[in-house]
Amino acid sequence: MDADKQICGREPDSQFVELAVEVFAMLADATRVRIILALRGGELSVNHLADIVDKSPAAVSQHLAKLRLARIVATRQDAQRVFYRLENEHASQLVSDAIFQAEHSLGNTPRHHHPAGEVTQ
């Protein structure tokens, strides 16, 4: 049983709790959240990401460097251009879940609880 707890990582005494806190800290930035949302559709260049998140390419590059160090994004180089993509689906899921939780904090029934196509006031 103790071996299962260590492997699972989802117990309160898991060695991964502190690492999870670091992931949350990395995602505690609106620009980084927007970058992750933009990358859900596939890989993008720094300039394209800068246009999407309405920040300078230099600022986006700094955020991407941090996300890359945290192994949240990966890169592919094509000649002079570097393309970024999500390393896996987990960061995207964390961001989606955080947005769903934010919708709950507004009261009423969150949009994600309505059937597809249903419009609410």
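**Strands, helices and the terms used for them**

Guide: Start with a pair of residues: Arg 76 sits opposite Phe 83 in β3. Keep in mind that this is a predicted model.

Visitor: What makes β2 and β3 a pair?

Guide: Bridges. Pairing takes at least two between the strands. β2 and β3 have six, in the antiparallel sense. One of the bridge partners is Tyr 84 in β3, set against Thr 75.

Visitor: And how many bridges link β1 to β3?

Guide: Two, with the strands running antiparallel. The cut-off is at least two bridges, so β1 and β3 count as paired. Here Leu 44 has Tyr 84 of β3 as its bridge partner.

Visitor: What joins β2 to β3, and which residue in the turn has a positive phi?

Guide: They form a hairpin, with two residues between the strands. Ala 79 is the turn residue with the positive phi, about 60 degrees.

Visitor: Why are β1 and β2 called edge strands?

Guide: Look at the order. The open sheet has three strands, running β1-β3-β2, with antiparallel pairing. β1 (44-45) and β2 (73-78) each have a single partner strand, so one side of each lacks a neighbour in the sheet.

Visitor: Now the helices. Why are α4 and α5 called roughly perpendicular?

Guide: The axes of α4 (residues 46-53) and α5 (residues 57-69) cross at roughly 105 degrees and come within 9 Å. The class spans 65 to 115 degrees. The angle falls inside it, and α4 and α5 are therefore roughly perpendicular.

Visitor: Which residues of α4 and α5 meet, and how many of them are charged?

Guide: From α4 come Val 46, Asn 47, Leu 49, Ala 50 and Val 53; from α5, Pro 57, Val 60, Ser 61 and Leu 64. By class, seven are nonpolar, two polar and none charged.

Visitor: How do you know that α3 and α5 are roughly perpendicular?

Guide: Their packing angle is about 80 degrees, with the axes 10 Å apart. Set that against 65 to 115 degrees. The value fits, and α3 and α5 are therefore roughly perpendicular to each other. Thr 31, Arg 32, Ile 35 and Ile 36 of α3 make the contact with Val 60, His 63, Leu 64, Lys 66 and Leu 67 of α5.

Visitor: What classes make up that contact of α3 with α5?

Guide: Five nonpolar, two polar and two charged residues. Arg and Lys count as charged. Arg 32 in α3 and Lys 66 in α5 take part in the contact.

Visitor: Where does α6 come in?

Guide: It packs on α3. Helix α3 (residues 30-39) and helix α6 (residues 90-105) have axes 10 Å apart, at an angle of about 115 degrees. The crossing is left-handed. Val 33, Ile 36 and Leu 37 of α3 contact Ala 91, Ser 92, Val 95 and Ile 99 of α6. Six of these residues are nonpolar, one is polar and none is charged.

Visitor: Which element has the lowest mean pLDDT?

Guide: Helix α1 (residues 2-8), with a mean of 53; β1 has the highest, 98. The chain averages 87, and 85% of the residues score at least 70. Where pLDDT is low, predicted coordinates should not be read in detail.

Note on methods:
Residues are numbered from 1 along each chain as its sequence is written. This is a predicted model: local features need pLDDT of at least 70, side-chain atom pairs count only at pLDDT 80 or more; totals for chains, interfaces and linings use all residues. Side-chain values use heavy atoms; hydrogens and water are left out. Axes are lines fitted to C-alpha atoms, for helices over the stretch in contact, and angles run from 0 to 180 degrees between N-to-C directions. Helices (H or I, at least four residues) and strands (E, at least two) are DSSP runs, numbered from the N terminus. Angles under 35 degrees count as roughly parallel, over 145 as roughly antiparallel, 65 to 115 as roughly perpendicular and the rest as oblique. Contact means heavy atoms within 4.5 Å. A crossing is left-handed if the near helix is turned anticlockwise from the far one by less than a right angle, and right-handed if clockwise. pLDDT is the predictor's confidence in each residue, from 0 to 100.
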